Amino acid sequence: MCIALKYGIWNVSTPQASAVNDLVSGGYAPLAAMVLSARGFRSAAEAKQQLACNLPLLDPFLLTDMDLAAGRVGLAMTRGEKIAVFGDYDVDGITATCLLTDFLRRHGADCISYIPGRLEEGYGLNPIAIRYLHEEGVKLIITVDCGITAVAEAQLCKELGIDLVITDHHECKDVLPEAIAVVDPHRHDGGYPHKTLSGVGVAFKLAVALSGDQEQVLDEYADMVCLGTVADVMPLLGENRVFVSHGLKSIRNTRRPGLAALMQECGCAADSVSASTIGYMLAPRINAAGRMGQIDWAVELFLTKDAERASYLAHSLCELNRQRQQVEAQIYDDAISMLPPGQQPEAIVLADESWHQGVVGIVASRIAEEFCCPTFLICLDGEHGKASSRSFGGFNLFSSLTALSDLLESYGGHEFAAGFTISRQQIPAFREQICARAAEYYTDTGPRTVLDIDCAIAPELLSIKGIDALETLEPCGNACPKPVLMMNQLTVERISLVGSGRHMRLRLRAGRQSINAIYFSATPETASIQPGDVVDVAFHPQVNEFHDERTPQMNVLDIRPSCVAPCSPEIGGYSHIHSGTLTREEAANLLPERSLLSVVWRYLAQLSSQICEDPLCLCRKIVRWSNQSMSLGQFFTCLDIFRDVGLLRYTRHHKEIVIELTPGAEKADLNQSHTLQILLQAKES
């Protein structure tokens, strides 16, 4: 049975006793102190400074060109010129558009907003939009959350007599667009200390520059800045912590009919809104407008003052999100049906004429996680296609697309998510070459999915008081994640299925203490666990509230077999054995003792003739069974030795290893193994 071990490596930090004591003395509860120490904090003063949500905000004029931007916008307002705020179709772009549009209108500006259609125009400033705004009499375009790479589009604005002010937060290229002002914290010639502002954060700074009263603007628009910052996964450090902390308070007491209606429509209790609530409940419904071609609904939701209209729009967005989910499910089913029978490919490349461009990225992400390989889904339109891709296990999408750029018409993105356009006739060649690159990448490396765990804890620390005390870390998000804890040597007492069989409830035992756990999107079959198993569990601590009773609970992130002896996920120089580059030290580390070879063989021999497992998980099971330490590299070396002498065959594929024992071949002379001889010679050289 193939285990769904989600993370090949558990990177467990260790709290420092002296730091924990100092943090406790400074007012932090023991569990919170352990987490903070594991994250590198050495004192209560240091932690409080880093987690502070009341730091003074920076002067907006520290941003390069902010003086020019504010001057030109102020001039347009004085002259009564028509201004267009031009944004993006995600939550960050929508909130940035609405914030600046609302601010300018409140201060008497003749201002309209414009967000391009995702399907018709694509991302960012484009000739279609510029010419339309020119016909509408717009004299000044202000971009928000886009524009930093719009060199050609800036030139078109100049030719048409439209002034352009760019505000963005994306990385700058060597050549900036020719505009009245280019405001971006990433400018190479800029000195703004806080580089990780969101697009709406930069728009907020422009509003502050125009107003001169940062506190008043924050009081009015903290909710929008919070939404965009969290939804765009900005690091919750520095100014962003101030934005999100103030914004969550504002959302809980919102004065915007649209936001209140959206929370009510999706069943989100206002008094318990958190960054997680935004990420999992509010943001997807706002994003649905852009994905499904109804971007105006989201903009109007934030700008309307009419409660009845707000209720209609909120209902419409939730319905649109349900439609998005249905479209997503259909694309997923279509894609799964297209997969070739038998062994899955090293990378998944699929194409179809009926797929929705605004949704395929979500499906690609789901398939990449489920099948443990990079996934490319292409929406075909005639002889061309637009693709969304998602990575898995550290496979670098952008560098791979760069290497295969001769097959593409255009491409962009980063290591983990990317898009490209391609002609239909080039898809087979692209599939063949990207699969070859993925095969080489995954074959030559060990586990690359890493779960960062704050610390291992004793069962008695998982208490209501301890979990509640972790609120001192809020708001949690990027760069300040929710605590991830670990417990070792837990016995699985009971398993029950919930959510129509899609999730598991677990009862775990540590000594005399029983602990409840929920494991979403997992079953006993996919997790390969059963009552009686002894496991390690990585989890988010949470409080389960049911019938007015609060009990501690684990929100499980991963489960693995427990080991008493060391079991390293490292493969060392394993890939060098047959390449002629094996060093003496690598050989010494990989060469298994005869006792270890015996242990591995006896364990495999007691199983069925064919074994399908995650190799690291199988390695851990052998270590637990034998109490003999072993690294993953040593495990693969043992298999190679057995294969050399005909005891078994095995194939590796992503996170799975399929081992077939040779019938009747129970004894063999291991000294005849080519792998063993290479290791012995290298060790003695």
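Buried here means under 20% relative accessible area. With that in mind, welcome to this predicted model. The tour below visits two helices and a sheet: helix 13 (residues 295–303), an open sheet of five strands, and helix 24 (residues 674–684).

**Helix 13**
- Ile295, Ala298, Val299, Leu301, Phe302 and Leu303 are the buried residues of this helix.
- Those buried residues pack against several helices, including helix 5 (91–106), helix 9 (214–231) and helix 14 (307–338), and also against strand 3 (110–114).

**The five-stranded sheet**
- Its strands follow the order 7-8-9-11-10, and their pairing is mixed.
- Strand 7 (348–352) and strand 10 (410–413) each have a single partner strand, so one side of each has no neighbour in the sheet.
- On average, neighbouring strands are turned by 15 degrees against each other, direction ignored.
- Strand 10 and strand 11 (residues 417–423) run antiparallel and are joined by four bridges; glycine 413 has alanine 418 in strand 11 as its bridge partner.
- Helix 15 (residues 360–371) packs on this sheet, where it touches strand 7, strand 8 (375–381) and strand 9 (384–390). The direction of helix 15 makes about 150 degrees with that of strand 8.

**Helix 24**
- The buried residues of helix 24 are Thr675, Leu676, Ile678, Leu679 and Ala682.
- Viewed down the helix axis, these buried residues fall within an arc of 160 degrees, so they line one face.
- Exposed residues His674, Gln681 and Glu684 sit on the face turned away from the buried side.
- The packing partners of the buried residues are helix 20 (584–590), helix 21 (594–605) and helix 23 (632–644).
- At the start of helix 24, a side-chain oxygen of serine 673 comes to within 3.3 Å of the backbone nitrogen of threonine 675.

Terms used
Residues numbered from 1 in each chain as written. Predicted model: local features only at pLDDT ≥ 70, side-chain atom pairs only at ≥ 80, totals over all residues. Heavy atoms only, no water. Buried < 20%, exposed > 50% of the residue type's maximum accessible area, 1.4 Å probe, protein only. Contact = heavy atoms within 4.5 Å. Pairing = 2+ DSSP bridges. Axes fitted to C-alpha atoms, helices over the stretch in contact; angles between N-to-C directions. Arc of directions from axis to C-beta. Polar contact = N/O pair within 3.5 Å; in protein donor to acceptor, adjacent residues only side chain to side chain.
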